[in-house]
Amino acid sequence: MNPDHTPAVAESAHPGRWWHALEDGRLQCDLCPRDCRLHEGQRGACFVRQARDGAMILTTYGRSSGFCLDPVEKKPLNHFHPGTPILSFGTAGCNLACKFCQNWDISKSRDMDRLMDAASPAAIAAAARRLEVPAVAFTYNDPVIFAEYAMDTALACREAGIRSVAVTAGYIHAEPRKEFFALMDAANVDLKAFTEDFYAKLCGGHLQPVLDTLAHIHHLTDCWLEITTLLIPGHNDSDREIAQLAGWIERELGPEVPLHFSAYHPDWKFLEAPETPPATLSRARRIARDAGLHFVYTGNVHDTEGGTTDCPRCHAPLIVRDWYTLKQYRLTASGACPDCGHQLAGRFGPGPGDFGARRQPVRLGT
Ligand code: SF4
């Protein structure tokens, strides 16, 4: 819990959900498994939820650290409307404390000055329509901690015919999990490792709630699911752990859930591991495919083989990528292999988008 009650600028104070009062007067947040118990004025570990005037509030509702048009492949989502742009934004804070965080400036920010862009859910949906982008992504920091804002935005987007995507670590309690993912059209969930030790020591969390989230999304919602594992040399990249992680996905979720292995870069808070060699990503991909997964990708590197989607039935290349750029797209208008007719798992429109690899900042608010 954070005792600091004095953010840099005035914040929004939106009523928070998922909490209850304890007998000793504190409020317990029931949104994520951190179960923060807060005295009046105190903030949770995520920094953005606060006990104020006897109720829980979300201090970042309607405020963003900035909007960008990104390629959907950057989320990463390889089986969700390839080649299209996605209006992406985040807020501040995070409910995990990953020492190796690759987004440290945003996710660990306690400086609300970063939240320059004010935008209501309706304004975000309207902007997506104006910009003619088919989807909005809650990303850069974890949308679980701004769930009320993300869900209201997803609702406004749904009414406007815009899809919603969550990029998350999936660290959320069962009740909010149901409501949150019911409103998402796609999610990329970080599975940071496959040991409790890693989650406890390097992330300040636990593995099981994340596995529960993956199973929930895949089995109980219409939300399209892809998974990302950031490989950190010496910490989560052993053959054994990769085989266990991929084996769990194949067994519990099935072979058609895409898995992305991405490369770690040393961050100022965590210099104990070198950059991930491309050979590690290729090795992990091989192991996961041997475990039975059909769609295993390498990320943050130029690797055409590791960026290619092959037909699981006839093995013809269907979508060839280089980093975020589509090089070849051979799916039929109904999303099937043109050679053998196999229907590819995912959500595909009649054709690919042509947004390319660019990143385009967008200013929404005042
Ligand atoms: S969302 Fe999680 S980290 Fe934030 S206050 Fe609630 S229990 Fe704590």
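## Around the ligand

A residue counts as near a molecule here if its C-beta atom, placed from the backbone, lies within 6 Å of it. By that rule, the ligand is ringed by Cys29, Leu31, Cys32, Arg34, Asp35, Cys36, Gly44, Ala45, Cys46, Arg49, Asn95 and Ile145. Sort this shell by class and you get seven nonpolar, two polar and three charged residues (nonpolar means Ala, Val, Leu, Ile, Met, Phe, Trp, Tyr, Cys and Pro; charged means Asp, Glu, Lys and Arg; the others, Gly among them, are polar).

Bear in mind that this is a predicted model: local features need pLDDT of at least 70, side-chain atom pairs count only at pLDDT 80 or more, and totals for chains, interfaces and linings use all residues. Residue numbers start from 1 along each chain as its sequence is written.

## Two domains

The chain is assigned domain 1 (14-58) and domain 2 (63-362), with bounds from an automatic or database domain assignment. Their centres, taken over C-alpha atoms, are 29 Å apart. Domain 1 puts 15 residues into the contact and domain 2 puts in 20 (contact means C-beta atoms, placed from the backbone, within 7 Å). On the domain 1 side, the touching residues split into nine nonpolar, two polar and four charged.

## The whole chain

Along its principal axes, the C-alpha trace spans about 65 × 45 × 35 Å. Of the 366 residues, 49% are buried, that is, with 20 or more other C-beta atoms, placed from the backbone, within 10 Å of their own. Among contacts between residues at least 6 apart in sequence, 69% join residues at least 24 apart.

Key: Buried ≥ 20, exposed ≤ 12 C-beta atoms within 10 Å, placed from the backbone. Contact = placed C-beta atoms within 7 Å.
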